Structure formats: structure tokens, C-alpha cells
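Here is a short report for the bench. Keep the sequence and the 3D view open while you read.

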Amino acid sequence: MSAPNKSYDPVEVEALKPEEIDRARDEALAAIAAAGDLEALREVKVAHAGDRSPLALANREIGALPPQAKADAGKRVGQARGAVNKALKARQEELERERDERVLVEEAVDVTLPYDRVPSGARHPMTTLSERIEDIFVAMGYEVAEGPEAEAEWFNFDALNLDPDHPARSMQDTFFVRGQEDQGAAGSGSGDDSGVVLRTHTSPVQIRSLLARELPVYVICPGRVYRTDELDATHTPVFTQVELLAIDEGLTMADLKGTLDHMVGALFGEGLGTRLRPSYFPFTEPSAEMDMVCFVCRGKSVGDPANPCRTCGSEGWIELGGCGMVNPRVLTACGVDPERYSGFAFGFGIERMLMFRHNVEDMRDMVEGDARFTRPFGMEI
Ligand code: DAH
């Protein structure tokens, strides 16, 4: 640094010697030309045009020169720095152009390629809802059970306390499977003695589970069932039920009620009560119809004509299905001691549940396989 009243002869100041300035400039220009990419150029800029570059340091020395030497040295350093900055800018532009061209080639999109014409699918809401119900019970320790859709009459009726002449047998209009010997005799009229039916409900899985499993038995069984209905907005000859069976020591109707409340809470939201209405099923005693509080109006639409509820028809309750304490005769048919074991069962249709849960108005939408119905339900798993 300069001391007061002391000036340097520019010839004596090493950094300001013309050949030093030229050298610093030429080194800078060579480095700029050699910078292969923008990152390298950034480093070159710091080294040759930054605050601590040779030309910047030389510039600082000018102030200490005698006045007559200042102009000349200033011009020389200024020109050198100008040349370096100009070269930097030009190289910067050149490298940016190169990069842009490279990106355009590397990331080019061929808009002439065919697009993916296969739209992404969705799961059928019946599958999703069945699995959801299964999950609720699996989380409580239940196992998922299955049975055949072409079922022996004994499982579908007899073991469930529906004798051949039991009036309840006509409660369900049954598809009978024609026997082997009848196969060639179409039209002979006698096609009902194979002893096999398309199961009319999932209750035969209760029997299969009791025969095949160790006690206690806790099973949940979703499955397809068949009845001789026409397909219309509210009926379908093939539909889906969920059956539940719990057989253990000491089970009571309170366990049934608590289990129902839990299921309804898990499916529709906490705090929705259920109620049981006396009913009749041959395989349960006592038997009941089970209802849940309407999850839309929560009962508020009852007696309030100004605010009708479409979901429950302003009843305040939605009917779910049938249930009860397993009839001791069913336990006996399966070799289970009714003195020691008791339990409960219920069964309900999932299509109906899907209808009121998601405002599906026509049963046919669920079976026709039109993707426009399924797609809004998405890929929920
Ligand atoms: N199987 C009956 C039906 O399809 C429904 C049912 C009622 C199932 C009572 C049960 C039950 O397990 O306990 O109409």
C-alpha cells in the first residue's frame, strides 16, 4: 500500500509493467477459451476477473502512481480488463447456446409416437367393499372362509335346519343343478335330483367351517349367491353376501350386538348405533333383522318432511340383513356340543350396501361391467 507523499514509478511496480498486464490478460483469455463448460467458466471468472485476480490487484496499485503515470497505467489495465470481460461474456453465451442445443436433443420428445391408448383401470367397488369388510374382521382375529358356489343341498338347507318340506325352503327361489344322468334328457322335466344347487346364501359356509375347523371358530365369508330373480334395478339373480360366524364358549347376543356396532362404525363412521328387530331364520334362535342408524341424516329426517332423506327414505334406519344366535340344532348337525358352545351369525348383501353407501341407483350398473361405472371408484385397495 502507498505511504503518504510517496509515489511509485510504474516501471518499478511489478504488477503494472505493460508486459505483466499483457501476460495477465493473455492468460485470462487462454483460460476462457479453454473452459469447456459453464462450471469451468465460472471458476475461470473468479480466477481472472474476480476481486483477487491479477488484473484487479494491478488496478488497485494505480492509485499510488504519480499523476502523470496514472492515466497511462489506468488505460492499459482498463483495456486488459475490458478484453477479459468481453471474452468472458462471449464464451458464456457460446457455452449456454451449446448447453441449450444439447438439452434440446437429449430431452427431445417425439410427439409423433402413439400415446398410451390403454386407460388406467379401476377396481370394481364390490371387490373393494368386500375386502374392506374382510379387513375389519381379520383385524379382530377372524379368518376368511370360503365354500363352493355349486353347493350340496344338505349344506345349503338341511344342515341349516331347513328340512325338505320346511316352508322356509320356499323363501329362497333356488337354481337346481341338473344331475349327470339328466344331461342328455333335456326337457324331461326332472332336473332337480342331483342334490346340488347354486347356493342361495353364504350360510352353508357356516356348516363347512364348523366341520373343517377346530373350535373356537371365528370366520367371515364373502361370496357369490344365486336366486331365480330377474335382473332389474333392484334385483339380480347373482349377488354377493357376507356371512359371519362366531362359535366359542360363553358367547351371547351382547357379543353379536357389539360386533355389529363395531362393523358399522368401521364402515360408516363412529357413533352410529344398530338395532335388532325380532325375525325368523331356521338356523338362528333367536333371530333378528339388523338395522343401522342412517349415516346420512342420522335419524334427523324422521318426522321432518322439510328435510327428507333419500338414503333411508326418512326412516332413520337402514336395514342391513339377518342375524341371530346359532340354533343348537345347527351346532348338533356339525358335531358341536350346544351345551358347551354357543355363538352368533349374520349375513347381508353387499350390493345393497354398495347402493346406499355410494348412491348407486341401479343394480344393473354393478354387473354390466361398464368401465364408466367402475372408473370413478379409482384404485382404492
Ligand atoms: N342366509 C340369510 C339369507 O340369505 C341371511 C342370514 C340370516 C344369515 C341370519 C345369517 C343369519 O347368518 O344368522 O337371507
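The report covers the ligand site, then an annotated residue, then some backbone features.

**The ligand site**

This is a predicted model. The ligand sits in the largest pocket. Around the ligand are 16 residues. Among them, His201, Ser203, Arg227, Gln241 and Glu243 come nearest. Three strands each supply at least two residues of the shell around the ligand: β5 (238-248), β8 (317-326) and β9 (342-349).

The table lists polar pairs between ligand and protein.

| Residue | Protein atom | Ligand atom | Distance |
|---|---|---|---|
| His201 | side-chain N or O | nitrogen | 2.9 Å |
| Gln241 | side-chain N or O | oxygen | 2.9 Å |
| Ala345 | polar backbone atom | oxygen | 3.2 Å |

The protein covers 92% of the 350 Å² of accessible area that the ligand has on its own. His201 pairs with a nitrogen atom of the ligand through its side chain. Gln241 also uses its side chain, but its partner is an oxygen atom of the ligand. Ala345 meets a ligand oxygen atom with its backbone.

**Glu285 and the bond that follows**

Which residue does the UniProt annotation "binding site" cover? According to the unreviewed entry, that residue is Glu285. Glu285 is found in strand β7, which spans residues 284-293. Leave aside its neighbours within four places in sequence, and Glu285 is in contact with Met325 and Asn327.

The backbone is also worth a look here. The peptide bond from Glu285 to Pro286 is cis. Its omega is near -5 degrees. Pro286, like Glu285, lies in strand β7.

**Other backbone features**

Most peptide bonds are trans, and most residues other than glycine have a negative phi. Two further places deserve a check against that background.

Start with Pro216. The peptide bond from Leu215 to Pro216 is cis, with omega near -5 degrees. Where does Pro216 lie? Pro216 is in the loop between α7 (204-212) and β4 (217-226).

Now turn to Asn161. What is the sign of phi at Asn161, positive or negative? Phi of Asn161 is positive, near 70 degrees, and this residue is not a glycine. Asn161 is found in the loop between α6 (153-156) and β3 (196-198).

Technical notes
Residues numbered from 1 in each chain as written. Predicted model: local features only at pLDDT ≥ 70, side-chain atom pairs only at ≥ 80, totals over all residues. Heavy atoms only, no water. UniProt positions renumbered as here; feature names shortened; annotations may be inferred. Helix = DSSP H or I, 4+ residues; strand = E, 2+ residues; numbered from the N terminus. Contact = heavy atoms within 4.5 Å. Near = heavy atom within 4 Å. Polar contact = N/O pair within 3.5 Å; in protein donor to acceptor, adjacent residues only side chain to side chain. Areas by Shrake-Rupley, 256 points an atom, 1.4 Å probe, with all protein chains shown as cover. 1 Å grid on protein atoms, 1.4 Å probe; cavity = no way out; pocket = protein on both sides within 12 Å on 5 of 7 lines; lining within 4 Å. Sits in = over half its atoms within 2 Å of the grid points.
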